[in-house]
Amino acid sequence: PYVIAEPCIDVMDKSCVEECPVDCIYEGERKLYINPKECIDCGACEPVCPVEAISQDRRVAPEHVDFVEDNRRFFIEV
Ligand code: SF4
């Protein structure tokens with residue numbers, strides 16, 4: 001699945017929410033989250049993010065690897 005990392009915090013532009021064909025991007029308190037069980041890996045959200053916070057989990061930048069777990073955990077707690 002795709003994941004949303006640190007650049008989204010306190011930005012939450014939401015361009016990605018409009019792009020996602022399966023509506024699997026959800027709003028948290030300070031950032032957005034992609035539900036890994038619902039994401040179909042289409043990649044539509046990645047180019048529209050103005051702060052480049054989105055990437056596929058397998059290609060996530062080293063400094064953002066914790067956000068793979070962060071996205072997953074968000075959907076366990078709610
Ligand atoms: Fe939605 Fe596609 Fe982005 Fe997954 S990759 S969150 S399905 S727009």
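**Exercise 1. Cysteine 24 and its sulfur**

Work out whether Cys 24 is buried or exposed in this predicted model, and find out why its sulfur is not bonded to the closest cysteine sulfur.

*Solution.* Start with accessibility. Cys 24 has a relative accessible area of 2%, and the limit for buried is under 20%, so Cys 24 is buried. Next, look for a partner. The closest cysteine sulfur belongs to Cys 20, at 3.6 Å. A disulfide needs the two sulfur atoms within 2.5 Å, so the sulfur of Cys 20 is too far away for a bond. Finally, widen the search: over the whole structure, zero disulfides are found.

**Exercise 2. Around the ligand**

Find how many residues surround the ligand, and sort this shell into nonpolar, polar and charged.

*Solution.* Begin by counting: the ligand is surrounded by 13 residues. Then pick out the closest, which are Cys 20, Cys 39, Cys 42, Gly 43 and Cys 45. Now sort the shell: 12 of its residues are nonpolar, one is polar and none is charged. As a last step, check the accessibility of one of the closest residues. Cys 42 has a relative accessible area of 44%, so Cys 42 is partly exposed.

**Exercise 3. The nonpolar core**

Identify which residues have the most contacts inside the largest nonpolar core, and list what Ile 34 touches beyond its sequence neighbours.

*Solution.* The largest nonpolar core holds 15 residues. Inside it, the most contacts belong to Ile 4, Ile 25, Leu 32, Ile 34, Cys 45 and Ile 54. Two elements, β1 and β3 (32-34), each give two or more residues to this core. Now zoom in on Ile 34. Setting aside neighbours within four places in sequence, its contacts include Ile 4, Ile 25, Cys 45 and Ile 54. Ile 34 also touches Tyr 2, Val 3, Cys 24, Cys 39, Asn 71 and Phe 75.

**Exercise 4. Two buried residues**

Place Ser 55 and Asp 70 in their elements, then describe their contacts.

*Solution.* Take Ser 55 to begin with. Ser 55 sits in strand β4 (residues 54-56). Its relative accessibility is 11%, so Ser 55 counts as buried. Leaving out residues up to four places away in sequence, Ser 55 is in contact with Tyr 2, Val 3, Glu 46 and Val 60.

Now turn to Asp 70, which belongs to helix α2. Asp 70 also counts as buried, because its relative accessibility is 17%. With the same sequence neighbours left out, Asp 70 touches Lys 31 and Tyr 33. The side chains of Asp 70 and Lys 31 are joined by a polar contact of 3.3 Å.

**Exercise 5. Out in the loops**

Locate Asp 10, Lys 14 and Pro 62, and decide for each of them how open to solvent probing the residue is.

*Solution.* Asp 10 is in the loop between β1 (2-4) and α1 (15-19). With a relative accessible area of 53%, Asp 10 is exposed. Its phi is near 65°, a positive value in a residue other than glycine.

Lys 14 is also found in the loop between β1 and α1. At 31% relative accessible area, Lys 14 is partly exposed. Lys 14 is not a glycine either, yet its phi is positive, about 70°.

Pro 62 lies in the loop between β4 and α2 (66-77). Its relative accessibility is 68%, so Pro 62 counts as exposed. To finish, compare sequence with space: Pro 62 and Ile 4 are 58 residues apart in sequence, and 14 Å separates their C-alpha atoms.

Notes: Residues numbered from 1 in each chain as written. Predicted model: local features only at pLDDT ≥ 70, side-chain atom pairs only at ≥ 80, totals over all residues. Heavy atoms only, no water. Near = heavy atom within 4 Å. Nonpolar A, V, L, I, M, F, W, Y, C, P; charged D, E, K, R; others polar. Helix = DSSP H or I, 4+ residues; strand = E, 2+ residues; numbered from the N terminus. Buried < 20%, exposed > 50% of the residue type's maximum accessible area, 1.4 Å probe, protein only. Contact = heavy atoms within 4.5 Å. Polar contact = N/O pair within 3.5 Å; in protein donor to acceptor, adjacent residues only side chain to side chain. Core = buried A, V, L, I, M, F, W, Y, C linked by side-chain atoms within 4.5 Å.
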